[in-house]
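Visitor: I am new to this structure, and I would like to understand how the words used for it are justified. Could you put it in front of us and take my questions in turn?

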Amino acid sequence: MQSGFVMLAMSLLVFLGVYAVGDPVEILISPDADQFERERAVRALGLDLPLWQQYLVFLGRALQGDLGRSFVFNEPAIQIILQRMPATLELAFGSMFLSILIGLPLGLYAGLKPDSPVSKGIMATSILGFSLPTFWVGLMLIMVFAVQLGWLPSTGRGDTAEILGTRWSFLTWDGLRHILLPAINLSLFKISLVIRLTRAGVRETMLMDYVKFARAKGLSPNRVTFVHVFKNILIPVVTVVGLELGGTIAFSVVTESVFAWPGMGKLIIDSINVLDRPVIVAYLLMIVLMFIVINLVVDIVYTMLDPRVRLEAKA
Amino acid sequence: MSGVVLAPVETPLRRFVSEFFASSIAAIGLAVFVVIALAAIFAPWIAPQNPYDLAVLDIMDGRLEPGAVGGSGMTHWLGTDDQGRDMLSGIIYGLRISLLVGVGSAFIACMVGASLGMLAAYAGGRTDSVIMRVVDLQLSFPTILAALMILAFLGKGVMNVVIALVLVEWAYYARTVRGSALVERRREYIEAAICLALPTRRILFNHLLPNCLPPLIVVGTMQIARAIALEATLSFLGLGVPITEPSLGLLIANGYEYMLSGKYWISFYPGIALLITIVSINLVGDQLRDVLNPRLKK
């Protein structure tokens, strides 16, 4: 109920905001077009109606899943976005996978041996991961691995293979080579996050009675680490990484622009630059919807994981 | 007698300063930041060239390598961009815009956020829940997207970037201040001030605010670094500052197309300048957090 209200408020805000940006007629119609042609175009795009009427028309269609046609591509806006979505999702999930693959072992090491110089190095590097601007790191990755060393391609998605009607890069060798740099770039922040969370979790768990007890029983250090400690830190880490999905998709705007990755993020930047209103509105509404869904799912998952939340609700 | 009392007295400020400089890394960070800030402020006097004076630019000097000598006999230590602009000068002038936007937006956001946060904590009830609901909504949405949306509506411009950054950042300050104000407002001195029937505004700004400052300073320092990084990102995407007032982010964006042909310096050095700025501010902020946090006091 509340989500629906937020959605409605956002749709009005987004619609009015986008309306204030500028007149798309100026950009779309060539300056040589005469008065008659202009008027015809304005009417065809529905821009001659009063503002509130445009909003109602928009809202009515939006409820039917129609968010208008792109001025540039002359295709339904939602369809254009959905076409680009697999590329973005692929990148986001790839980077989340990398962040766990790299972050967990490093965080585990830093947590088990907090005083070793290697751990201190890991922690210092993780501060860099938080503070470096993503786009600059992306440029440096291109410079080193694509330009200087020539190991990996710098832009695009490469060859794709088709499953269930959508095209994916990670299924082909060439596509994998293309996705590696952008995925690393997008995962840097999350790698740092996972390292810190894992380290804090390990240090906390190592002091717990059940770990002491497991040690006292004479279990091997490896068994204590990987069965008793690891299992318990995994839940919060995975939860936080899941929570970051929305942020990852949002931040892919930057990474996609750097690596010319043809996803939703690049689409929105291009659309803003040419004032393609329906696409901007549709993109923003979809992102808002996505965030509402993610927050809802997280709330539900928390209730399932943490019995205390349920008890409070009953009392 | 009085001399004996004065000499070894330890004022809070002096203790704070000595604790801050106990960490040499933080001291270095502060020194680096001061140098950067001075360079930005005095850019017209220390930059080898005015990068916006078209009369001194020579297109023949375009894309010179670092250390090359230009047609006018000037050595370009960090190379030149495609217009023949000296990169070192461009970076020093770019720092000006970046710092102006970063510090300016952090300062305004701090004032807005702190006022609203204090109001929420002091008034409580419905005011509190309305303000904090907006804060929650804002914090659940990624800053980059919110800023992108606002800039898409406002268009380019230094002022617009500042507005966008203020709108996405005030929530952090509001939450921080509300947290400490909730604790402080139950103290006796606030009760005393209320009993004295002082005007609310005076209680808020003269009594409550000074006692909420420490966490605010820490968040503020970190937010300056975040604001600078965010501005650079937005400018890189082509939605930030206009081409006539290039910040570091825009300089990096300008070099992007030349990087693929191996002319790395146009993007590389502005990026290094950005990196040093952000890291030095973060080092200072980290140490401030340790020093100002009473829980970590021995």
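Visitor: What makes the meeting of the side chains of A:Asp270 and A:Lys266 a salt bridge?

Guide: A salt bridge is a side-chain nitrogen of Lys or Arg within 4 Å of a carboxyl oxygen of Asp or Glu, and the side chains of A:Asp270 and A:Lys266 meet at 3.6 Å, N to O, so the pair satisfies that rule. This is a predicted model, in which local features need pLDDT of at least 70 and side-chain atom pairs count only at pLDDT 80 or more, while totals for chains, interfaces and linings use all residues. Residues are numbered from 1 along each chain as its sequence is written, chains are lettered from A and ligands numbered from 1 in the order in which they are written, and side-chain values use heavy atoms, with hydrogens and water left out.

Visitor: Why are A:Asp270 and A:Lys266 separated by about one helical turn?

Guide: Because they are four residues apart in helix H11 (residues 264-274) of chain A, A:Asp270 and A:Lys266 are separated by about one helical turn; helices (H or I, at least four residues) and strands (E, at least two) are DSSP runs, numbered from the N terminus.

Visitor: Why does B:Asp128 count as buried or exposed?

Guide: Buried means under 20% relative accessible area, exposed over 50%, and partly exposed in between (1.4 Å probe, protein chains only). B:Asp128 has 13% relative accessibility and therefore counts as buried, whereas B:Arg178, with a relative accessible area of 22%, is partly exposed. The side chains of B:Asp128 and B:Arg178 meet in a salt bridge of 2.8 Å, N to O, and this pair links distant parts of the chain, with B:Asp128 in helix H6 and B:Arg178 in helix H8 (residues 158-184) of chain B, 50 residues apart.

Visitor: How many salt bridges are there over all chains, and what is the count between chain B and chain A?

Guide: A search of the whole structure finds four over all chains, but the count between chain B and chain A is zero.

Visitor: How do you know which residues take part in the contact of chain B and chain A?

Guide: Contact means heavy atoms within 4.5 Å, and the contact takes 33 residues from chain B and 37 residues from chain A. Chain B and chain A bury about 3,000 Å² between them, 82% of it on carbon and sulfur atoms, where buried area is the accessible area (1.4 Å probe) that two parts lose on being put together, summed over both. B:Phe153, B:Leu237 and B:Met259 supply 19% of the area that chain B buries against chain A, more than any other three residues.

Visitor: What makes a set of residues a nonpolar core, and how many residues does the largest one have?

Guide: A nonpolar core is a set of buried Ala, Val, Leu, Ile, Met, Phe, Trp, Tyr and Cys residues joined through side-chain atoms within 4.5 Å. The largest has 120 residues, and those with the most contacts inside it are A:Phe135, A:Tyr283 and B:Leu148. H10(B) gives the most to this core, with 16 residues.

Visitor: Why is B:Thr233 called buried?

Guide: B:Thr233 has 7% relative accessibility and so counts as buried. Its place is in helix H10 of chain B, and B:Thr233 touches A:Phe135, A:Val254 and B:Ile144, not counting residues up to four places away in sequence.
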